[in-house]
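This report covers the internal cavities of the structure shown below, followed by one helix and one buried residue.

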Amino acid sequence: MTTASPAKGTALPWSGLLALSTAAFTAVLTELLPAGLLPRMAPALGVSEARVGFLVTGYAVASFLAAIPVTAALRGLPRRPVLVGTLLGFACADAVVALSSSYAVAFGARLLAGVMGGTMWAMLAGYAARMVPAERRGRAIAVVLAGITLALSLGIPAGTALADAIGWRPAFGTLSGLALLVVVWIRRRVPAFPGELPGTRVPLRRVAALPGIPAVLSVTLFLLLGHQVMYTYVAPFTAHTGHGRTDVVLLVFGAATVVGVWATGVLVDRWARPTLLGALTLIVTVMCVLALCSDSPAVLLTSVATWGVAFGGAPTLIQTALVNASGPQHADVATSLQTTVYNAGIAGGSFTGGLALSEWGAGALPGTASPLVALALTVVVLSRRGFPAGAPKGRGEPRDQPPPTRSRTTTPDHPPTSYSSPK
């Protein structure tokens with residue numbers, strides 16, 4: 001039995017996409033909330049603040065190691081139950097952290113959450129892409145990935161404030177409850193998609209070698225390397241400039257990323273390539289400005305705002321390029337590769353920035369970052385297979401929309417579909 005692609009010109013399935021975006025929001029909060037609660041969690045778990053920080057490290061390592069093998073093992077299963085299972089894993093892990101007085105038990109729960117995170121990030125963009133026509137794919141992915149930006153700019157500060165008000169254990173309990181609410185939302189509003197049939201599964205190495213995929217992965221790596229060189233050490237760089245208000249700098253950056261996500265959502269489906277070229281060019285330019293004349297607070301904050309706008313939209317642009325290159329049918333596997341590369345870029349950029357800081361001082365950080373982002377820009381310029389001009393045509397993709405019903409239906413959240421007769 002086959003299904004038709006979503007009808008062109010139909011409204012986005014907003015409720016379903018917002019459910020996926022809230023899932024992303026929940027995952028980011030689960031990953032990073034301990035970072036803001038170190039002084040409160042340490043006495044309760046009987047360890048130092050540094051060891052509580054390892055709860056974030058353990059999550060990241062588990063996510064890095066699990067993304068590819070777990071995604072490959074689960075690629076044949078129906079997609080919605082797998083997504084629901086990851087959220088139930090988050091709910092369980094957060095509940096264990098909220099209730100446990102044992103650091104070892106809490107650490108084990110964080111490893112479980114990291115496995116769930118690696119699995120979820122490999123699914124979200126491909127899921128969004130399968131819910132909409134090809135020409136609206138970028139906007140759908142932008143809606144889903146906006147959950148990451150909102151978590152970083154609003155969710156983490158709100159979670160920290162909640163912990164100040166009612167305690168860190170209720171904060172994790174609330175996060176567990178949020179994951180359960182998203183499960184209900186997804187079951188009601190997100191369509192079910194089948195897994196990959198055994199005869200159609202392309203080996204991992206062949207997905208990685210599809211035209212355009214190596215270029216997209218390279219851009220992901222170089223951009224994250226350059227970005228993390230600066231972002232990880234924004235506090236010492238801010239002190240170096242004489243401004244001294246890291247909180248203001250981070251607030252400006254976070255607010256600007258929200259603007260970048262919104263602008264990208266408007267532009268991505270029609271002008272993905274020029275938008276990405278413009279974003280990377282802006283980041284390189286900002287790094288050069290910061291390297292040369294960052295002693296003025298006005299220059300510093302303007303540069304950081306520009307950096308935030310440009311970087312805010314970059315993940316959506318790169319993720320959309322990846323799904324277009326792989327096709328929605330291979331998006332989960334391709335995204336698992338990107339998740340691994342993304343985490344490698346974060347680790348490598350932080351390490352490189354640390355070396356630059358220790359050897360040459362904070363003033364060398366922008367000069368270290370700019371060549372790495374310039375490499376990402378060069379790859380985009382040279383690769384028209386990975387980053388083609390124009391909107392995706394959606395040719396050659398399997399028709400793998402939600403399972404058929406007995407009648408033609410139209411709802412606010414699902415575009416009209418038509419089905420062929422059983423063979």
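In this predicted model, V70, T71, L74, R79, V82, T119, A122 and M123 line the second largest cavity. Two or more of the lining residues come from each of α3 (49–74) and α4 (79–99). Helix α3 supplies the largest share, three residues.

The count of cavities of 30 Å³ or more comes to two. The lining of the largest cavity consists of R79, M123, G126, Y127, R130, F193, P328 and D332. Here helix α6 (residues 124–130) gives the most, with three residues. R79 and M123 appear in the linings of both cavities. Volumes and lining classes are set out below.

| Cavity | Volume | Nonpolar residues | Polar residues | Charged residues |
|---|---|---|---|---|
| Largest | about 40 Å³ | four | one | three |
| Second largest | about 30 Å³ | five | two | one |

Helix α13 spans residues 297–326, 30 residues in total, and its first and last C-alpha atoms are 44 Å apart, close to the 44 Å expected at 1.5 Å a residue. There is nevertheless a bend of about 30 degrees at A314, with a proline, P315, following within four residues. After α13 comes G327, which has a positive phi near 80 degrees.

T275 belongs to helix α12 (residues 246–292). Is T275 buried or exposed? Its relative accessibility is 16%, so T275 counts as buried, the cut-off being under 20%. Apart from neighbours within four places in sequence, T275 has contacts with L267 and L317.

Note on methods: Residues numbered from 1 in each chain as written. Predicted model: local features only at pLDDT ≥ 70, side-chain atom pairs only at ≥ 80, totals over all residues. Heavy atoms only, no water. Expected span 1.5 Å × (residues − 1). Bend = angle between axes of the 7 residues up to and from the residue. Buried < 20%, exposed > 50% of the residue type's maximum accessible area, 1.4 Å probe, protein only. Contact = heavy atoms within 4.5 Å. 1 Å grid on protein atoms, 1.4 Å probe; cavity = no way out; pocket = protein on both sides within 12 Å on 5 of 7 lines; lining within 4 Å. Points joined across faces, edges and corners; volume = space filled by probe spheres on them. Nonpolar A, V, L, I, M, F, W, Y, C, P; charged D, E, K, R; others polar.
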